[in-house]
Amino acid sequence: MPARRACSGALVASINSGTTPCAAISRDDSRRLCRNPGPPVRPMGMKDTMASPRVTRNLDRYGNPSLPWSRCRDALVATTPTEDLTFFVATVRPDGRPHSAGVGAVWVDDVLYFVSGPETRKSRNLAENPACSLSVRLPGVDLTLEGSAVRVTDQPTLRRLADVYNAGGWPADVEGDAFTAPYSAPSAGPAPWHLYRLALRRAVGVATAEPHGATAWEF
């Protein structure tokens with residue numbers, strides 16, 4: 001990497017992390033940032049974990065109170081990976097048209113993970129634009145999660161998630177920076193399959209059982 005680009009990338013990261021005050025940015029630095037912004041920096045306010053929403057908004061029109069986020073979180077804990085649930089991931093094609101497909105998703109340590117073949121339309125969409133949403137019908141609540149997909153390649157996480165998928169009945173194994181298995185969904189394409197985590201930004205839950213309600217959470 002050229003020295004100028006490396007310097008600019010480091011400056012961008014320090015600014016976004018709050019360690020470099022805006023007043024300390026020189027005119028030359030500003031010009032370099034415009035020409036060489038460096039690697040993408042994750043937007044402030046994004047979280048991988050789903051444990052603690054920073055904003056709760058009641059969407060219910062019939063006077064029901066807001067749903068607690070813990071209701072959705074506990075349902076995710078109780079149902080993944082053992083229950084037969086289908087999560088649907090919605091992505092955006094390069095030409096702007098929407099795309100939706102079922103994925104195998106699991107919830108581990110307040111993070112939602114899902115698997116997708118690298119040559120599938122959804123993975124190709126995510127490579128161009130990581131913004132996505134996932135939706136699922138959980139016991140007692142319909143849930144939609146919005147954020148960005150981040151590919152997972154570190155060995156400890158891959159091995160741990162392979163164990164989780166195995167516990168749910170899919171015999172995943174780690175090969176390099178992806179998963180392999182004797183089989184997958186008919187539309188998943190050939191192995192290897194990539195693992196993604198959802199960097200969560202917003203969620204919406206609509207209760208389908210008592211106590212009823214509809215609530216949005218921001219993370």
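These legends accompany close-up views of a predicted model.

**View 1. Helix α3 and the residues it buries.** Welcome to the helix that spans residues 69–79. W69, R71, C72, A75, L76 and T79 are its buried residues. Looking down the axis of α3, these buried residues fall within an arc of 165°, so they line one face of the helix. Their packing partners are strands: β2 (87–92), β4 (105–108), β6 (131–138), β7 (141–152), β10 (194–207) and β11 (214–218).

**View 2. Two residues of helix α4, N125 and R124.** Helix α4 covers residues 121–128, and N125 sits within it. Buried or exposed, what is N125? With a relative accessibility of 0%, N125 is buried, because buried means under 20%. Setting aside residues up to four places away in sequence, N125 is in contact with T91, V92, R93, P94 and H99. R124 belongs to α4 as well, but it is partly exposed, at 38% relative accessible area. With the same sequence neighbours set aside, up to four places away, R124 touches P118 and E119. R93 is 31 residues from R124 along the chain, and their C-alpha atoms are 8.2 Å apart.

**View 3. The largest pocket and its lining.** Here you can peek into a space of about 630 Å³. The lining is made of 27 residues, and those closest to the pocket centre are L85, V103, G104, A105 and Y165. At least two lining residues come from each of β3 (98–103), β4 and β5 (111–116). Sorted by class, the lining holds 12 nonpolar, 12 polar and 3 charged residues.

**View 4. The salt bridge between E218 and R54.** The structure has 7 salt bridges, and in this one the N to O distance is 3.6 Å. E218 is in strand β11 and R54 in the loop between α2 (27–35) and β1 (55–58), so the pair ties together parts 164 residues apart in sequence. E218 is partly exposed at 29% relative accessibility, whereas R54 is exposed at 57%.

**View 5. Two further salt bridges, R137 with D142 and D177 with R151.** The side chains of R137 and D142 meet with an N to O distance of 2.7 Å. R137 is exposed, with 57% relative accessible area, while D142 is partly exposed, with 24%. For D177 and R151, the closest N and O atoms are 3.1 Å apart. D177 lies in the loop between β8 (173–175) and β9 (178–180) and R151 in strand β7, so this pair links parts 26 residues apart in sequence. D177 is partly exposed at 35% relative accessibility, and R151 is partly exposed at 31%.

How values were computed:
Residues are numbered from 1 along each chain as its sequence is written. This is a predicted model: local features need pLDDT of at least 70, side-chain atom pairs count only at pLDDT 80 or more; totals for chains, interfaces and linings use all residues. Side-chain values use heavy atoms; hydrogens and water are left out. Buried means under 20% relative accessible area, exposed over 50%, partly exposed in between (1.4 Å probe, protein chains only). Helices (H or I, at least four residues) and strands (E, at least two) are DSSP runs, numbered from the N terminus. The arc is that of the directions from the helix axis to the C-beta atoms. Contact means heavy atoms within 4.5 Å. On a 1 Å grid over the protein atoms alone, a cavity is a set of points where a 1.4 Å probe fits but cannot get out, and a pocket is an open set with protein on both sides within 12 Å along at least five of seven lines; lining residues have an atom within 4 Å of a point. Grid points are joined across faces, edges and corners, and a volume is the space filled by probe spheres set on the points. Ala, Val, Leu, Ile, Met, Phe, Trp, Tyr, Cys and Pro count as nonpolar, Asp, Glu, Lys and Arg as charged, and the others, Gly among them, as polar. A salt bridge is a side-chain nitrogen of Lys or Arg within 4 Å of a carboxyl oxygen of Asp or Glu.
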